[in-house]
Amino acid sequence: MEQYREYGEQVRVVRPLRNDGTYPGMDRGELLVPRGSIGVVIGRGTFLQDQVIYTVNFLEAGRVVGCRQEELIDADAPWVPTRYEFRDKVTPAIPLGINGETVVSPGTVGEVCKVLRDLPDGVAYHVNFAGRVLQVPEQALTDPTEEQPS
């Protein structure tokens with residue numbers, strides 16, 4: 001049986017929360033609360049009679065957002081912060097290759113489609129570069145909006 005979260009309990013959100021169209025004053029898809037943010041449970045309800053939805057006040061973000069059970073962990077549970085999140089744009093800092101052949105050059109912009117935070121060698125990402133998805137370690141990626149050293 002699923003254990004319910006209680007009023008006043010501190011929780012951490014494990015994925016970025018984006019507006020699904022129900023949050024007023026913001027565009028659909030806009031980031032409401034970044035992954036890793038800590039909030040306080042202020043209510044509990046159900047959606048479609050079988051999904052538990054918690055109302056969580058994310059004080060730092062200044063937002064009250066509905067969260068599903070699987071999106072939350074205890075605030076003091078182990079947490080691995082990451083530099084990028086789902087849908088973030090990234091570019092390789094080095095040439096990326098398969099079997100010695102470069103398949104993605106630095107400067108090519110890709111989109112993060114999955115975050116892999118529990119790998120033995122550290123954080124990595126599945127990144128979509130124009131239809132080709134590669135698993136790339138965090139240290140091999142940069143933000144395309146940051147100025148690169150020449």
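Leaving aside neighbours within four places in sequence, Phe 86 is in contact with Pro 16, Arg 18, Arg 35, Val 112, Cys 113 and Val 115. This residue of the predicted model makes a good starting point for a tour of the chain. Phe 86 sits in the loop between strand E7 (72-74) and strand E8 (89-92). How much of Phe 86 is accessible? Its relative accessible area is 35%, and because the partly exposed class lies between the 20% limit for buried and the 50% limit for exposed, Phe 86 counts as partly exposed. A further distance helps to place the residue: the C-alpha atoms of Phe 86 and Val 127 are separated by 9.4 Å, with their positions 41 residues apart along the chain.

Stepping back to the whole chain, the secondary structure is quickly told. The protein chain has 14 strands and 0 helices, so that reading from the N terminus gives β-β-β-β-β-β-β-β-β-β-β-β-β-β. The C-alpha atoms fill a box of roughly 55 × 35 × 30 Å along the principal axes. Of the 150 residues in the chain, 33% are buried. Among the contacts with a separation of 6 or more, 49% join residues that are 24 or more positions apart.

The surface and the charges add to this picture. The accessible surface of the protein chain comes to about 9,500 Å², and carbon and sulfur atoms own 48% of that surface. The chain carries 15 positive and 22 negative charges, and the mean positions of the two groups are 3 Å apart.

Next comes the empty space. Rolling a probe the size of a water molecule over the atoms shows where such space is left. In this model the largest pocket holds about 710 Å³ of space. Its lining is made of 26 residues, and those nearest its centre are Arg 15, Leu 17, Arg 18, Gly 66 and Glu 71. Which elements give two or more residues to that lining? They are strand E2 (17-18), strand E5 (51-58), strand E6 (63-68) and strand E11 (110-116). The largest share, 5 residues, comes from E6. Arg 18, one of the residues nearest the pocket centre, is also one of the contacts of Phe 86.

Val 11 offers another view of the chain. Val 11 belongs to strand E1 (residues 10-13). Is this residue buried or exposed? With a relative accessible area of 0%, Val 11 is buried, because buried means under 20%. Not counting residues up to four places away in sequence, Val 11 touches Arg 5, Ser 37, Ile 38, Gly 39, Val 41, Val 56, Leu 72, Ile 73, Asp 74 and Ala 75. Cys 113, a contact of Phe 86, has its C-alpha atom 24 Å from that of Val 11, and the two residues are 102 residues apart along the chain.

Two loop residues round off the tour with their backbone angles. Asn 99 has a phi near 55 degrees, a positive value in a residue other than glycine. Asn 99 is placed in the loop between strand E9 (96-98) and strand E10 (101-104), and its relative accessible area of 81% makes it exposed. Ala 130 is not a glycine either, yet its phi is positive at about 50 degrees. The loop that holds Ala 130 runs between strand E12 (124-129) and strand E13 (132-137). Ala 130 has a relative accessible area of 84% and is therefore exposed, the limit for that class being over 50%.

Terms used
Residues are numbered from 1 along each chain as its sequence is written. This is a predicted model: local features need pLDDT of at least 70, side-chain atom pairs count only at pLDDT 80 or more; totals for chains, interfaces and linings use all residues. Side-chain values use heavy atoms; hydrogens and water are left out. Helices (H or I, at least four residues) and strands (E, at least two) are DSSP runs, numbered from the N terminus. Buried means under 20% relative accessible area, exposed over 50%, partly exposed in between (1.4 Å probe, protein chains only). Contact means heavy atoms within 4.5 Å. Accessible areas come from the Shrake-Rupley method with a 1.4 Å probe; for residues, only the protein chains shown count as cover. Lys and Arg count as positive and Asp and Glu as negative; His and the chain ends are not counted. The place of a charge is taken as NZ of Lys, CZ of Arg, CG of Asp or CD of Glu. On a 1 Å grid over the protein atoms alone, a cavity is a set of points where a 1.4 Å probe fits but cannot get out, and a pocket is an open set with protein on both sides within 12 Å along at least five of seven lines; lining residues have an atom within 4 Å of a point. Grid points are joined across faces, edges and corners, and a volume is the space filled by probe spheres set on the points.
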